[in-house]
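Please open the structure in your viewer and get your selection tool ready. We will go from stop to stop, and at each one you will hear what to select and what is there.

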Amino acid sequence: MIKIAILGYGTIGSGVVEVLNTNKESIAKRAGDEIEVKYILDLRDFPGDPMEDKVIHDYEIIAQDSEVQVVVEAMGGVEPAYTFVKRALLAGKNVTTSNKALVAKHGAELIAIAKEQSINFLFEASVGGGIPIIRPLNSSLTADEIEEITGILNGTTNYMLSKMTFEGLEFDDVLKDAQSRGYAEADPTADIEGYDACRKIAILTSLVCGQQVDFEEIHTEGITKITATDICYAKAMGRVIKLLATSRKTNDGYCAMVAPFLLSQQHPLYSVNDVFNAIFVHGNVLGDAMFYGSGAGKLPTASAVVADIVDIVKHLHTNILISWNSRKMELIDCKKMQSRFFVRSSDKKEKIKEIFGDIEFIELEGVTDEIGFLTSIMMEEEYEKKVSELQNIIQKIRVV
Ligand code: HSE
């Protein structure tokens, strides 16, 4: 019997209990042992809950109980999660977490401690909810040099942009709707400003390059400036707007960014709608692969956490090597990357043509005080130089 402790009895923590109960027998078969929840750490009491008697308020009880072999961290946020997880690992307890903030900030250090202790620190649920992506990158795709990872990594913003696209609604209205459905984080800033996706692409890029990628250095734009008019332009071009988190390997190093992009119908992420997430991976020998599914929510996320528990039980006292050390990876400035740009401007067509040369104008019926245009492919710093010569820029969105 393997005894586990769950830190945090919120959405994910209670989801883990539910998954362990729902699939008790098959999970025990696959793990090769039964799994029992010994403690649930939470500040609150849960009167009437079937797990009521497992709830404790003092982490020391878990830290000092040598029977607990696995700690499930489902609290969220960096502290006190970091302190609790580090202590658990140093005490020889395996850990699985769904906490992207913790993994993005302290992943390299926690992985190193687990290795020293011959135990495991696993974090499949921290990116893409229930979609397997961490384990594939760490085991199935190790024959490849991963040259690109591009994902829709935030379900809330994908839901919002889909709703704006299909129903022609404005940003504020769809945000309220996403909040009422419980998709948005407690503070929706993390979703709509791209910070959530930024931490997730930092984790994926760290795994791909094997070094620490600091999320603070990833160029991050959210979707707060996207309007219903932008969506109309996108439709006129046969495109959709998606918040992409992308990381590319170039000859000079890695470049990562989070920003809204205009996608053509041929793009593999074009049809990923609503709260779904998807991750496109390009390997130098594999070619293209896509991972698609439920990127958030109680049971999908708990499914990934429980799969980590099973993996931990299958590898007790054996570290599963994760190549991610604490040496910092200096990212390339995104301004050195090539892209096409869609621009809305109220400058004169002639002036725009004079500055940008070969462009394609997009006109919207009934709109006379501005014009949209698509540039040719150019380096972002070249675009910025050119655009500074225009007087009135209303919007700029990168195009893939
Ligand atoms: N708020 C996140 C999202 C939850 O919408 O994707 C999963 O990390």
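How much space lies in the second largest pocket? About 400 Å³. Before you click on anything, please keep in mind that this is a predicted model.

**Stop 1: the second largest pocket**

Begin by selecting Arg-248, Phe-261, Gln-338, Ser-339 and Val-400, the residues that lie nearest the centre of this pocket. They belong to a lining of 23 residues. Colour that lining by class and you should find 11 nonpolar, 6 polar and 6 charged residues.

Now bring up the strands. At least two lining residues come from each of S7 (146-152), S9 (240-250), S10 (253-263), S13 (338-345) and S17 (393-399). Which strand gives the most to the lining? That is S9, with 4 residues.

**Stop 2: Ser-339, beside the pocket centre**

Stay with Ser-339, which you have already picked as one of the residues nearest the pocket centre. Ser-339 sits in strand S13. Is Ser-339 buried or exposed? Its relative accessibility is 10%, so Ser-339 counts as buried, the limit for that class being under 20%. Show its contacts beyond four places in sequence, and you will see Ser-376, Ile-377, Met-378, Arg-398 and Val-399.

**Stop 3: Gly-253 in strand S10**

Next, select Gly-253, which is found in strand S10, one of the strands that supply the pocket lining. Gly-253 is buried, at 16% relative accessible area. Apart from residues up to four places away in sequence, Gly-253 touches Arg-248 and Ile-332. You have met Arg-248 before, among the residues nearest the centre of the pocket. For a long-range pair, draw a distance from the C-alpha of Gly-253 to that of Met-329: the two are 76 residues apart in sequence and 8.6 Å apart in space.

**Stop 4: Glu-384 and its lysines**

Move on to helix H14 (residues 380-387) and pick Glu-384. Which residues does Glu-384 contact, once neighbours within four places in sequence are left aside? They are Lys-335 and Lys-396. Lys-335 is 49 residues from Glu-384 along the chain, and their C-alpha atoms are separated by 8.8 Å. With a relative accessible area of 30%, Glu-384 is partly exposed.

**Stop 5: Asn-158 in helix H7**

Select Asn-158 in helix H7 (residues 155-167). Here the relative accessible area is 2%, and Asn-158 is buried. Its contacts outside the nearest four places in sequence are Ile-152, Lys-242, Val-272, Asn-273, Asp-274 and Phe-276. You can also draw a line to the C-alpha of Asp-177, which is 19 residues away along the chain and 13 Å from the C-alpha of Asn-158.

**Stop 6: helices H4 and H5**

Show helix H4 (residues 81-90) together with helix H5 (residues 100-116). Two packed helices are described by the angle between their axes and the distance between the axes. In this pair the axes come within 10 Å and cross at roughly 10°. Angles under 35 degrees count as roughly parallel, so H4 is roughly parallel to H5.

To see the contact itself, select Ala-81, Tyr-82, Val-85, Lys-86, Leu-89 and Leu-90 on the H4 side. On the H5 side, add Leu-102, His-106, Glu-109, Leu-110, Ile-113 and Ala-114. The residues of this contact divide into 9 nonpolar, 1 polar and 2 charged.

**Stop 7: backbone details**

Most residues other than glycine have a negative phi, and most peptide bonds are trans. The last selections are departures from that pattern.

- Zoom in on Glu-79 and Pro-80, which are joined by a cis peptide bond with omega about 5°. Pro-80 is in the loop between strand S4 (68-73) and H4.
- Select Ser-118, in the loop between H5 and strand S6 (121-122). Ser-118 has a positive phi of about 55° and is partly exposed, at 34% relative accessible area.
- Finish at His-317, in the loop between helix H12 (298-314) and S13. Its phi is also positive, near 65°, and at 60% relative accessible area His-317 is exposed.

Methods
Residues are numbered from 1 along each chain as its sequence is written. This is a predicted model: local features need pLDDT of at least 70, side-chain atom pairs count only at pLDDT 80 or more; totals for chains, interfaces and linings use all residues. Side-chain values use heavy atoms; hydrogens and water are left out. Axes are lines fitted to C-alpha atoms, for helices over the stretch in contact, and angles run from 0 to 180 degrees between N-to-C directions. Angles under 35 degrees count as roughly parallel, over 145 as roughly antiparallel, 65 to 115 as roughly perpendicular and the rest as oblique. Contact means heavy atoms within 4.5 Å. Ala, Val, Leu, Ile, Met, Phe, Trp, Tyr, Cys and Pro count as nonpolar, Asp, Glu, Lys and Arg as charged, and the others, Gly among them, as polar. Buried means under 20% relative accessible area, exposed over 50%, partly exposed in between (1.4 Å probe, protein chains only). On a 1 Å grid over the protein atoms alone, a cavity is a set of points where a 1.4 Å probe fits but cannot get out, and a pocket is an open set with protein on both sides within 12 Å along at least five of seven lines; lining residues have an atom within 4 Å of a point. Grid points are joined across faces, edges and corners, and a volume is the space filled by probe spheres set on the points.
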